[in-house]
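Let's take a walk through this fold, one helix at a time. Have the model open and follow along.

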Amino acid sequence: MAEKPPQPTMDTIVSLCRRRGFVFPSSEIYGGLGSTFDYGHYGVLLKTNIRNQWLRAMVQERDDMVALDSAIILNPRVWEASGHVAGFNDPLVDCRTCKLRFRADKLDDAACGRKPSKRPGETPDCDLTDSRQFNLMFETHVGALQDGSSSAYLRPETAQGIFINFKNVLQIARRKPPFGIAQTGKSFRNEITPGNFLFRVREFEQMEMEFFVPPDDAPRWHEYWIAERLAWYRGLGLRDENLRVREHDEQERSHYSSATSDIEYRYPIGWQELEGVANRGSYDLTQHTDHSGTKLEYVGPDGERYTPHVIEPAVSIERIFVALLVDAYDEEVVAERKRVVLRLHPLVAPVKAAILPLVPRDEGMASRARTLYEELRRHHVVEHDDSGQIGRRYRRQDEIGTPWAFTIDEQTLEDETVTVRDRDSLAQERLPISGVREWLDEALQQDSPSPRSR
Ligand code: ATP
């Protein structure tokens with residue numbers, strides 16, 4: 001059996017992201033802003049691919065789903081009804097010695113401000129306050145007045161925008177349970193202890209889907225969505241041994257939930273929530289009905305009426321981003337040199353192929369490479385690279401996870417064929433240059449459950 005590659009540390013992933021321009025610390029020229037990041041070129045491409053794959057699986061390939069894009073700032077009464085104003089709190093403790101703040105329920109994952117090898121409260125010098133509740137919503141003001149009447153919140157989740165549009169979708173999209181509403185977009189939480197790179201940030205992009213079902217069917221649909229989402233991660237190449245499902249016990253569950261299972265990933269910081277799949281019951285529709293006076297229920301053609309129950313798979317692009325990079329990262333020695341390679345699934349790889357003229361000064365090679373590049377880029381994200389030794393160019397592509405490279409060489413000038421190099425196996429074969437476009441289209445269509453298991 002092949003030896004399992006050791007997992008990279010978070011620092012290794014952070015430095016790769018930085019080096020190759022996936023992610024930069026935000027506002028860096030002003031000293032940064034804790035746990036806030038900007039995405040560079042490859043980061044944007046990877047995020048876009050994650051979002052598109054999610055939309056494809058959740059909306060495009062289903063008959064029972066519609067898409068939505070609701071506002072980030074909603075009427076503040078939404079958050080009263082949802083329970084966020086009163087209850088979206090984390091327990092917080094302060095250390096009087098080091099002046100740091102910690103989440104009381106995550107002390108085991110935190111480091112003491114004076115002795116980072118210890119947990120807060122573990123050294124005799126630590127002086128922790130009692131825990132108190134801290135609301136995670138960011139408050140803002142709408143309009144010119146800055147008084148109580150103008151206060152509003154940046155949404156801490158996209159879900160509520162879906163619930164308040166339930167009636168619109170029911171009537172205008174003429175849906176009947178079971179059906180779902182899916183949306184992606186930024187959410188904001190004033191996390192007490194953000195950190196671990198993108199894993200816990202204050203601004204993140206959620207992908208949430210609310211699936212409305214007849215009440216008796218909710219447990220079955222809950223199981224269905226856990227299985228469906230797990231299969232989606234496997235389909236993007238995440239390895240089985242790094243994925244697991246963990247059911248919340250009663251104390252851990254949110255106020256709205258009647259059952260929640262987390263799909264967890266084995267991050268370098270341990271097993272952590274990647275995605276939550278909750279059975280929210282009728283909590284949200286009932287709350288918004290009570291607070292708004294608008295009945296959010298389903299009425300069938302024969303007069304049957306009920307408040308649907310809701311199953312919610314919720315995840316952030318950031319947590320998938322980190323999981324994909326951790327899972328894909330590999331180092332090996334090839335021809336006595338270390339090679340860093342991201343074995344990303346071709347569907348999420350930022351760049352699908354590189355086009356490389358072996359001798360850029362050679363007019364015949366350069367012009368063929370340019371023509372091929374211009375043809376391919378109309379259909380896929382591809383890169384043309386003619387700077388430096390060919391080995392270095394391959395390695396640059398390996399590091400950003402480009403699955404294939406097409407090289408134009410001396411033989412191309414004789415017989416109009418190119419080599420295609422496979423990122424994972426390093427195998428090379430020749431193809432007619434005129435067939436490259438079709439070859440790439442087909443390669444991207446192929447079902448490859450995990451580049452790791454090839
Ligand atoms: P945690 O317990 O890790 O704080 P949560 O249970 O509060 O997470 P949910 O409210 O269920 O998270 O949010 C749904 C999803 O949104 C999570 O599964 C995660 O993928 C993502 N998410 C939540 N908070 C953050 C954050 N601060 N940074 C990045 N992603 C987040």
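Start with helix α7, whose 18 residues reach 25 Å from the first C-alpha to the last, close to the 26 Å expected at 1.5 Å a residue. Keep in mind that this is a predicted model. Just past the end of α7, G237 takes a positive phi of about 100 degrees.

So what does α7 (residues 218-235) lie across? The helix covers β3, β10, β11, β12, β13 and β16, and runs at about 150 degrees to β13. Its buried residues are A218, W221, H222, W225, I226, R229, L230, W232 and Y233.

Now look at the sheet itself. It's an open one with 7 strands, in the order β3-β9-β10-β16-β13-β12-β11, and the pairing is mixed. β3 (65-67) and β11 (243-247) sit at the edges with a single partner strand each, so one side of each has no neighbour in the sheet. From one strand to the next, the twist averages 25 degrees. Zoom in on β9 (residues 179-188) and β10 (residues 203-213): these two pair in the antiparallel sense over 10 bridges. One bridge to find there is G180 with its partner F211 in β10.

Back to α7, which also meets another helix. The axes of α2 (residues 41-60) and α7 come within 12 Å and cross at roughly 140 degrees. Angles over 145 would count as roughly antiparallel, so α2 and α7 are oblique to each other. The crossing is right-handed. On the α2 side, I50, Q53, W54, A57 and M58 make the contact, while α7 contributes W225, R229 and W232. Those three α7 residues are also on its buried list.

Technical notes
Residues numbered from 1 in each chain as written. Predicted model: local features only at pLDDT ≥ 70, side-chain atom pairs only at ≥ 80, totals over all residues. Heavy atoms only, no water. Pairing = 2+ DSSP bridges. Helix = DSSP H or I, 4+ residues; strand = E, 2+ residues; numbered from the N terminus. Axes fitted to C-alpha atoms, helices over the stretch in contact; angles between N-to-C directions. Contact = heavy atoms within 4.5 Å. Expected span 1.5 Å × (residues − 1). Buried < 20%, exposed > 50% of the residue type's maximum accessible area, 1.4 Å probe, protein only. Parallel < 35°, antiparallel > 145°, perpendicular 65-115°, else oblique. Left-handed = near helix turned anticlockwise from the far one by under 90°.
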